[in-house]
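Dear colleague,

I am passing on to you the structure we spoke about, with its sequence, and below it you will find a short account of what was found. Please keep both in view as you read.

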Amino acid sequence: MRILILFLIVAGACSRSETSEPVEKAPEPTAEEAPKPAKEAAPEPPPAPPPGLEAPIDLDAPPTVTLLDAGKAPHKALRASFEPGAKQSLRVESHWTVETVYGPLVRTKAVMPSLVYELQTEVKEASDGGAQFAFRVTKVTAKSSKEVKPGQFEAAKKVGASLEGATGSFSISPRGMVEDLTIDAPSDASLFASDMIDQVKQAIRLSNLPLPEEPIGKGAKWTATQVLEQRTAKIKHTSTFELADVKGERVRAMSEHATETPKQKLKLPGSRSGATFDLDKLEFSGESKGAWQLNQLGPASASEHTVSVFVMTATAPKRETVIMSVDTTLEIKAKP
């Protein structure tokens with residue numbers, strides 16, 4: 001480009017030197033006629049980084065709640081409150097479908113048995129708007145249908161029976177985020193069992209509503225972001241909430257979910273011995289809605305629908321592409 005500019009300058013100079021007749025000088029413009037200087041063009045934004053050089057996803061980042069829009073007045077600071085020793089029963093029902101594609105030829109799709117989990121929670125400690133909880137899975141019921149294969153129904157009953165009595169703990173931060181969630185689950189290494197444990201964990205997260213620190217009103221929007229695990233994959237999960245209504249201690253809200261997932265190695269529960277995978281992509285979408293009580297754990301009613309698509313490359317014992325899709329609907333409510 002610089003060579004071209006230099007060429008044009010030299011060519012212009014030569015053409016002027018070859019003109020023998022004098023050129024009449026144009027009159028200078030008056031102040032009113034003088035052209036105004038052109039505004040400087042805004043600097044162009046820096047180019048996007050090439051694929052593969054995007055900023056890394058921080059899987060060690062702490063959970064955050066960020067206000068986007070305070071909504072309409074009047075504004076009110078919404079805070080959950082928990083009393084030590086308070087107990088709450090939760091009922092969770094799941095409906096889910098799993099589809100798997102191995103390489104270019106093998107494809108399976110299964111409607112899984114609907115499951116009903118009954119959980120008992122207890123507040124162990126509470127301070128500054130946060131609390132420590134213990135919980136127990138008291139009962140798991142599998143429901144069959146004409147679309148469910150008998151083998152899957154029997155497997156669901158077996159895993160459900162092994163989950164009954166499992167205990168765990170979690171904390172709720174002053175901003176309403178469920179953190180440090182653990183469950184003392186049975187040592188069944190199947191993917192079926194892993195998915196059921198993930199459903200229990202997600203139901204507990206859905207049992208409480210994250211809230212911003214700032215006062216908000218109807219139509220307010222905020223995000224809640226934290227690192228979670230799904231089918232052993234580490235994901236950065238972000239939910240964007242919108243406040244629909246507040247009446248006393250009851251808050252109605254809806255949300256949309258999305259994730260960012262770095263490439264990583266996986267060893268799926270229940271996969272054949274020695275099987276390992278490179279996670280190439282995890283596409284996730286979802287939405288939830290419900291009515292939550294600020295003075296108790298668990299919603300009056302809430303539901304969530306999510307779709308997760310794992311795109312993986314099996315690296316052992318043979319190399320092939322594997323795509324897994326999990327479509328899940330959870331319904332949860334606090335029992336009186």
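Which residue in β12 does H257 stand opposite? Before the answer, please bear in mind that this is a predicted model. The residue is G286, which lies in β12 and stands opposite H257. As for the strands themselves, β10 covers residues 250–260, while β12 covers residues 276–293, and the two pair in the antiparallel sense over 8 bridges.

Strand β12 also has other partners, which may help you to find your way around this part of the model. Strand β11, made of residues 264–266, runs antiparallel to β12 and is joined to it by 3 bridges, and here Q264 stands opposite L279 of β12. Strand β13, made of residues 299–316, is likewise antiparallel to β12, with 16 bridges joining the two; one pair to look at is E283 and its bridge partner V309 in β13. Between the strands of the β12 and β13 hairpin there are 5 residues, and in this hairpin G298 takes a positive phi near 105 degrees.

Turning to the surface, a patch of negative charge is formed where D69, E242, E256 and E287 gather. Of these, E256 is found in strand β10, and it counts as exposed because its relative accessibility is 56%, where the cut-off for exposed is over 50%.

With best wishes

Definitions and conventions
Residues are numbered from 1 along each chain as its sequence is written. This is a predicted model: local features need pLDDT of at least 70, side-chain atom pairs count only at pLDDT 80 or more; totals for chains, interfaces and linings use all residues. Side-chain values use heavy atoms; hydrogens and water are left out. Patches are made of residues with over 30% relative accessible area and no salt bridge: like charges are joined within 9 Å, nonpolar side chains (Val, Leu, Ile, Met, Phe, Trp, Tyr) within 5 Å. Accessible areas come from the Shrake-Rupley method with a 1.4 Å probe; for residues, only the protein chains shown count as cover. A salt bridge is a side-chain nitrogen of Lys or Arg within 4 Å of a carboxyl oxygen of Asp or Glu. Lys and Arg count as positive and Asp and Glu as negative; His and the chain ends are not counted. The place of a charge is taken as NZ of Lys, CZ of Arg, CG of Asp or CD of Glu. Helices (H or I, at least four residues) and strands (E, at least two) are DSSP runs, numbered from the N terminus. Buried means under 20% relative accessible area, exposed over 50%, partly exposed in between (1.4 Å probe, protein chains only). Two strands pair if DSSP finds at least two bridges between them.
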